[in-house]
Amino acid sequence: MIRLKFEGNISEKENLAILAESIAEVKKYLTKAEEIEYVEKRMETTSIVAVNQLYRNVYIINFSKAFDYCEKEKLRKTGAELCSLLKKEKLKTIQITGSFYEGLLALTEGLALSAYNFNKYKSVASTSFPENIHIYSEGLKETDILNLQNLIEGVFHTRNLVNEPVNFLTAEQFAEEFKFLGKEAGFKVEIFDKQKITDLKMGGLLSVNLGSPNPPTFIISEYKPANAINTRPYVLIGKGVVYDTGGLSLKPTPNSMDLMKSDMAGGAAVAGILYSIAKSKLPLYIIGLVPATENRPDGNAMTPGDVIKMYDGTTVEVLNTDAEGRLILADALAYAAQYDPLFVADLATLTGAAARAIGKEGIVYMGTAKQDYKTMLEDSGRAVYERLVEFPLWEEYGKQLQSDIADLKNIGSGDAGAITAGKFMQHFVKYDWVHLDIAGSAFLTSEDSYRGKNATGAGVRLFYDFFKKISQQN
């Protein structure tokens, strides 16, 4: 895990990156007139100017103080460029300084996120570069660095979980990973086993699990510090399908089933969010719910045409077993009502329709929450550049889910697939709620700046920012 450290001064011997608006801000770090001349010429046209001072490398990053969320994102991406240079030079430690601490934090965030690698299964593990980032700025507080460290760790834990294959990360192992993270960060974890899930009559989760050789789990996490400003909890729900074959509605393999170890990215994000918040000791009461299972096609598997009964008693005609995420989430959404929550959000890699609609560039969302919550969430989306696009839940979409033989069917007509999935889940909601479909952004098949390749940790930075702002309102 990469380590961030708050520094009181800058070493003259260690590699250095300087965030600067003008040459005047970097002159004291350059030893020769020709270095100053070289940097001054390059600063206007190049995002990073590198100077080799023999005993160390110095990197000058130019920026504009017209600092909106787009400029902040540019600095994160510049951090990813800087990480590439450090990897090329195999530099394990870098100092970062500059007078504009907000920009410095964005640059550090991009650099740190880019240093991630998942090499658990490599015979020869690759080394991360850099391993240590030392940060100094007069406007910066040590708590800023500690909180950023906690956030980075939360993202990395989420990425690790999503990158794990199902021959390790079964639903039961997923629950054990939650316990480990809860013990480390300071939140409680309770696990419902198959018998408990059966006793509760969670028909959605049990039906999806019918074809799996491994039992399901229902993971309940609770973070409730003594100084929590809310007595009614915020609830996060994450889809935990640890592998999705599509069931009897079998997926094709290329660029579909072969990527479906990532179908629990919503559940993993809940783990990462709670981890970051608990480590940062935000004064909020938050519950996390993750229904977890595999979706497999053996002889006992749920079949198209089956009618199942959900936790709240709703009957559902299953017409496509690959529309399984909404079934397990519906049980969790209904279960959440017992907490009398202030606000509920679910995160799920739910539909290809959402991914096709906006690609990897954002997150489709919809819901019944008050506009204040939606506005805050959209603001956080811009701040961390996990931008949100709201889709409607018009009543006409509900007509697509009318069944001839049950209360609902689990798929619509084919049009507006992301919306009809959300409309299905709305049936089980009796509180302020939003649904985030992260199918496009949770797992990438090619390198994308600081998000990297494979698991991205989508949703962790978004909700950390959202809850941090809520914690600062009182």
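How far apart should the ends of helix 14 be at 1.5 Å a residue, and how far apart are its end C-alpha atoms? I began my notes there, keeping in mind that this is a predicted model.

**Entry 1: helix 14**

I took residues 460-471, the twelve residues of helix 14. At 1.5 Å a residue they should span 16 Å, and the end C-alpha atoms are 16 Å apart, so expectation and model agree. Next I looked up burial. Ten of the twelve residues are buried, so helix 14 is largely enclosed by the rest of the structure. My list of the buried ones includes the aromatic names Phe 463, Tyr 464, Phe 466 and Phe 467. Arg 461 and Asp 465 are on that list as well, and so are Ile 470 and Ser 471.

**Entry 2: helix 3**

I then turned to helix 3, which has 14 residues. From first C-alpha to last it reaches 20 Å, close to the 20 Å expected at 1.5 Å a residue. Is helix 3 largely enclosed or largely open? Eleven of its 14 residues are buried, so helix 3 is largely enclosed by the rest of the structure. Among the buried residues I noted Gly 103, Leu 104, Ala 106 and Leu 107. Glu 109 is buried too, as are Thr 108 and Ser 114.

**Entry 3: a cis bond after helix 3**

Following the chain on from helix 3, I checked the loop that leads to strand 6 (132-136), where Pro 130 has its place. A cis peptide bond joins Phe 129 and Pro 130. I wrote down omega as about -5°.

**Entry 4: two positive phi values**

Which loop holds Leu 54? I found Leu 54 between strand 3 (48-52) and strand 4 (57-62). Its phi is near 70°, a positive value in a residue other than glycine. Leu 54 has a relative accessible area of 81%, which is over the 50% cut-off, so I count it as exposed.

Lys 281 gave me a second case, with phi near 55°, again positive in a residue other than glycine. Lys 281 lies in the loop between helix 8 (265-280) and strand 11 (286-295). With a relative accessible area of 64%, Lys 281 is exposed.

**Entry 5: Gly 305**

I moved on to the loop between strand 11 and strand 12 (307-309), where Gly 305 is found. Is Gly 305 buried, partly exposed or exposed? Its relative accessibility is 36%, so it counts as partly exposed. Setting aside neighbours within four places in sequence, I find Gly 305 in contact with Val 318 and Leu 319. I also looked across the chain to Ile 405, which is 100 residues apart from Gly 305. The C-alpha atoms of these two are separated by 10.0 Å.

**Entry 6: the whole protein**

Last, I stepped back. I count 14 helices and 20 strands in the protein. For 474 residues, a compact globule would have a radius of gyration near 23 Å; the protein has 24 Å, so the two agree. Along the principal axes, the C-alpha trace spans about 85 × 50 × 40 Å.

Buried residues make up 58% of the 474. Taking contacts between residues at least 6 apart in sequence, I see that 78% join residues at least 24 apart. The accessible surface comes to about 19700 Å², with 47% of it belonging to carbon and sulfur atoms. I closed with charge: there are 53 positive and 60 negative charges, and their mean positions are 3 Å apart.

Methods
Residues are numbered from 1 along each chain as its sequence is written. This is a predicted model: local features need pLDDT of at least 70, side-chain atom pairs count only at pLDDT 80 or more; totals for chains, interfaces and linings use all residues. Side-chain values use heavy atoms; hydrogens and water are left out. Helices (H or I, at least four residues) and strands (E, at least two) are DSSP runs, numbered from the N terminus. Buried means under 20% relative accessible area, exposed over 50%, partly exposed in between (1.4 Å probe, protein chains only). The radius of gyration is taken over C-alpha atoms; the globule rule is 2.2 Å times the number of residues to the power 0.38. Contact means heavy atoms within 4.5 Å. Accessible areas come from the Shrake-Rupley method with a 1.4 Å probe; for residues, only the protein chains shown count as cover. Lys and Arg count as positive and Asp and Glu as negative; His and the chain ends are not counted. The place of a charge is taken as NZ of Lys, CZ of Arg, CG of Asp or CD of Glu. The expected span of a helix is 1.5 Å times one less than its number of residues.
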